[in-house]
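Please read these comments with the structure open beside you, and go through them at your own pace. They are written as a colleague's note for someone who is new to reading models.

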Amino acid sequence: MTEPLLFELDTKGRRGYALPKLDVPTVDPADHIPTKFLRKQLDMPSLSELETVRHFTRLSRMNHSVDIGFYPLGSCTMKYNPKVNENIARLPGFANIHPYQNADSVQGALKLLKTTEQYLAELTGMDAITLQPAAGAQGEMTGLLIIKAYHNKKGNNKKKILIPDSGHGTNPASCTMVGYEVVNIKSDDRGCIDIADLKANIAPDVAGLMITNPNTLGLFDENIGELATLVHSVDGLLYYDGANFNAIMGWTRPGDMGFDVVHLNLHKTFSTPHGGGGPGSGPVGVKAHLKEFLPTPRIVEKNNTYSFEDQNNDTIGAVLGSFGNFSVIVKALAYIMYSGKEGLKDASAYAVLNANYMMKKLKDTYYVPYDRFCKHEFVISGKTLAKQGVKTLDVAKRLLDFGYHSPTIYFPLIVEEAMMFEPTETESKDTLDSFIEVMEKIAKEAVENPDLLKNAPISTPVRRLDEATAARKPDINFYQKP
Amino acid sequence: MSTYIPHTTAELQEMLNVIGVKTIDELFAEIPQKLRLNKDLNIPSGMSELEMTRKLTSLSEMNKTVDKNVCFLGGGAYDHIIPAAIDHLLLRGDFFTAYTPYQPEVSQGTLQCIYEYQSLICSLTGMDQTNASLYEGATANVEAIKMAQAQTGRKKVILFDTINPAYRRVIKTINGAQETEIVTLGFEDGVSDLTKLSQAIDDKTAAVLVQYPNFFGCIEDIENIAKIAHEAGALCIVCANPISLALLEAPGNLGADIVTGEGQPLGVPLSFGGPYIGFLAAKKALLRKMPGRIVGKTLDLDGKQGFVLTLQAREQHIRREKAGSNICSNQALVALNTTIYMALMGAEGLKEVALHSFQKAHYMKSELAKLENVTIPFTCSFFHELVIKVPNADSVLKKMEEKGIFAGIALEKYYPNLKDCILIAITEKRTKSEIDDYCKYLGEAIK
């Protein structure tokens, strides 16, 4: 199955949309704009509305998605994206308001943002929330800027952020963005932070420790209390990467574990759709001692009237041109309200149940490097398949033939041939059972007919793609051939 | 239990049996007792879909919308016409419930859309290459500055205060945290002062950043700005309004090295500021410095055309702390939104959107100029935004709002020298009668 490019469907003279007739007297642009600034040529395809609709509809059918089937991509929390939330975000009162309107004219929007802040503060055990960051990685950077501002205000020029070797790739990259040096901390044989290595690296120039708990192995670090004490002993701050927040909602809170800064991914834990790679939303929560550093404007409520406040000398500034990805926040609030306190706690409970069930069932066939209860995700290793010359990549590709999306592969980096599964709470036992059966079947195929895996997938719109040539001779723009 | 969780009691029991525990609580046993949340969350109980919809609908109705009022607000977000077909396509679950195309064999839809998006953005900006998109306009400029710094090995950046103040604030926050020396230059008659630029630029300057048209709607002389930048060995970054580029010459043809901008005008709903989309396109020499995801065309094992994420060796998941940017994904669904918009409009439609906006803005200017007590402080060429000065701008804006008109952005907060000045945006969506009403009510409001 292939679909012609938009540019190959071009028929000069076709129109896909008509504007209302121009109803004002006209002037000649050349009389008002110097000729050198007037456009000479614009290349763009011309299609009818139906051709456009068909093109994109056909393309959509070449995607795997949560709506089509199981999507156990670890650390991505591919849970169901409720349909009603799309309706809510499209209500005229939410979709058709301009960011420069007066506060008086957007009281509903401001109340919505404030309410979301309050709920997220309660869920994380933090004292204040900013909804400004556009994504998880931007939340990380925002949190690190806050940490830096805190130390700078005290006159402490700290240089280092500690990150466990199981951390997400964005963690160290975000540190570089704000000018921090990264020190990697080893994991111990239980998959948690190696306390001895942490102690060896705790020093006065440590600005903070950035961790995910449960970590990317899906394991809860029960030493978190001790970790917090260690980091705080040198006035370092503890940063919580909320990518795995779906594991603990309503069970424990970063604020109670000793974290000073938290970011959440609304597009993971709070059911807002991933959109094929965005938009997301990455709110950041802080404890009271960091509140003054939050980005502005802040929304303040007084006598049930909401307004913006941007007078604050200690703020880090702004990380986005607006208040945040508003319509994503709307969907997250709709999810919180629908689920309620019980539903949110259940979401984590059943996410953890599903992950443990799958892990237990897969343990007979695959190697599980950390054999203990996991939280919402778990990691297995494909290294036992090496005898047949089969790699984790081959298992991942073979899963596509059965109509499933693959797990996250080759991450975390500390597990050889890693496969990371996150089933989420919205999947039924039937779905898990069918998937487990396929995983068992693939393990058998790896022994009996490894070529089936090495040549997989065969039933997808395209087969394995030549990534090497794509990188060597990049063809990334139709109008400019390599 | 929320209906989004499908388990029956019997299934729960079976699953617990398999795992070998009696209750779900046992699976949380590792969390030390003193760290447990041993109380209910202070969040209301769950509710039905209908109740939730009613509550949020009533909240939404507390907002005044641009449908029930007439919007002359701009400043980076514009009330353009959005074809109905777009949202129907965006609501296809195959698009919006997918994630980043990690497995290209089952993500060809998303990947091809991004390739088409990249090609259209290159065409619009006159550049060689672009990425799969960034968060929004302000952060696109942050990334462009970092690219210029990496390319030139220099730290200083010169920008003009005719650049959107919200963008400048984000640049100060993020680039400022990376020891960037940011020099901001003033304007003369609504456009950047090139004499000041020639004086400020030196061999430490990585880039000059200019907006086109600028925050006041004025058309900057980006050709000469690029020349001055290049003579000093710096790059020229042009932050452009994509709709304007159907009427205005592509920055790529006027010497820009990097073109950035806010993609919202390309059919994206206002949504109180987001999600929007940042675009960033560049000349060929800058390919390896480009942040974010990039999609490339290639072949599969059978020689069939296909698409993949490419040049990933630049990115955070490979390079970790050595990556040029921490961006993980893109604004895929919004990129799709703009791609469908451009496909429906085509070159002719897009030119019309730009031309109608231009014509209506120029009509409005001529009508405003007839009003007593209204002055138009800048004489420069403009696209579809202009600045006017009226007595008591704040009270005028309030009176206009009572008539159902969002009359513009008061500029004094961002430019203390521009007291009583208002920035007005006019798109193709405004009608002659709306413009005439504006002028009529403005005339009354300033009497």
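The numbered points below go through the two chains, their sheets, their contact and some backbone details.

1. Before anything else, please keep in mind that this is a predicted model, and that the values quoted in this note were computed from it.

2. I would begin with the overall build of chain A, whose secondary structure comes to 15 helices and 12 strands. The radius of gyration of chain A is 25 Å, close to the 23 Å that the globule rule gives for 482 residues, so chain A is as compact as a globular protein of that length. Along the principal axes, the C-alpha trace of chain A spans about 75 × 65 × 45 Å, and 60% of the 482 residues of this chain count as buried. If one takes the contacts in chain A between residues at least 6 apart in sequence, 72% of them join residues that are at least 24 apart.

3. The domain assignment divides chain A into domain 1 (6–60), domain 2 (84–338) and domain 3 (346–467). When the centres are taken over C-alpha atoms, domain 1 of chain A and domain 3 of chain A are separated by 47 Å.

4. Chain B can be described in a similar way, with 13 helices and 16 strands and a C-alpha trace that spans about 80 × 50 × 50 Å along its principal axes. Of the 447 residues of chain B, 61% count as buried, and among the contacts in chain B with a separation of 6 or more, 73% are accounted for by residues 24 or more positions apart.

5. In which order do the seven strands of the open sheet in chain B lie? The order is 2-10-9-8-7-3-4, and the pairing is mixed. Strand 2 (129–130) and strand 4 (182–185) of chain B stand at the edges, and each has a single partner strand, so one side of each is left without a neighbour in the sheet. Within this sheet, strand 3 (residues 156–160) of chain B runs parallel to strand 7 (residues 205–212) of chain B, and four bridges join the two; Val157(B), for example, stands opposite Ala207(B) in strand 7. Helix 6 (residues 137–152) of chain B packs on the sheet, where it touches strand 3, strand 7, strand 8 (235–240), strand 9 (258–262) and strand 10 (278–282) of chain B, and the direction of this helix makes about 165° with that of strand 9.

6. Chain A offers an open sheet of three strands to set beside it, with the order 10-12-11 and antiparallel pairing. Strand 10 (378–381) and strand 11 (408–409) of chain A are at the edges with a single partner strand each, so one side of each has no neighbour in the sheet. Strand 11 of chain A pairs with strand 12 (residues 418–421) of chain A over two bridges in the antiparallel sense, and Ile409(A) stands opposite Met419(A) in strand 12.

7. The contact between the chains deserves a careful look, since it takes 174 residues from chain A and 167 residues from chain B. On the side of chain A that touches chain B, the largest share, 23 residues, comes from helix 11 (residues 326–362) of chain A. The residues on that side of chain A divide into 91 nonpolar, 53 polar and 30 charged.

8. Most peptide bonds are trans, and most residues other than glycine have a negative phi, which is the background for this point and the next. A cis peptide bond joins Asn213(A) and Pro214(A), with omega at about 0°, and Pro214(A) lies in the loop between strand 4 (206–211) and helix 9 (224–232) of chain A. Another cis peptide bond joins Ala456(A) and Pro457(A), with omega at about -5°; Pro457(A) is found in the loop between helix 14 (450–454) and helix 15 (467–472) of chain A.

9. Is Asp189(B) buried or exposed? Asp189(B) is exposed, because 11 other C-beta atoms lie within 10 Å and a residue with 12 or fewer counts as exposed. Asp189(B) is not a glycine, yet its phi is positive, near 50°, and this residue is found in the loop between strand 5 (187–188) and strand 6 (191–192) of chain B. Leu311(B) also has a positive phi, about 55°, although it is not a glycine, and its place is in the loop between strand 12 (305–309) and helix 10 (316–319) of chain B. Leu311(B), however, counts as buried, with 20 C-beta neighbours inside 10 Å.

Technical notes. Residues numbered from 1 in each chain as written. Chains lettered and ligands numbered in written order. Predicted model: local features only at pLDDT ≥ 70, side-chain atom pairs only at ≥ 80, totals over all residues. Pairing = 2+ DSSP bridges. Contact = placed C-beta atoms within 7 Å. Axes fitted to C-alpha atoms, helices over the stretch in contact; angles between N-to-C directions. Domains from an automatic or database assignment. Rg over C-alpha atoms; globule rule 2.2 N^0.38 Å. Nonpolar A, V, L, I, M, F, W, Y, C, P; charged D, E, K, R; others polar.
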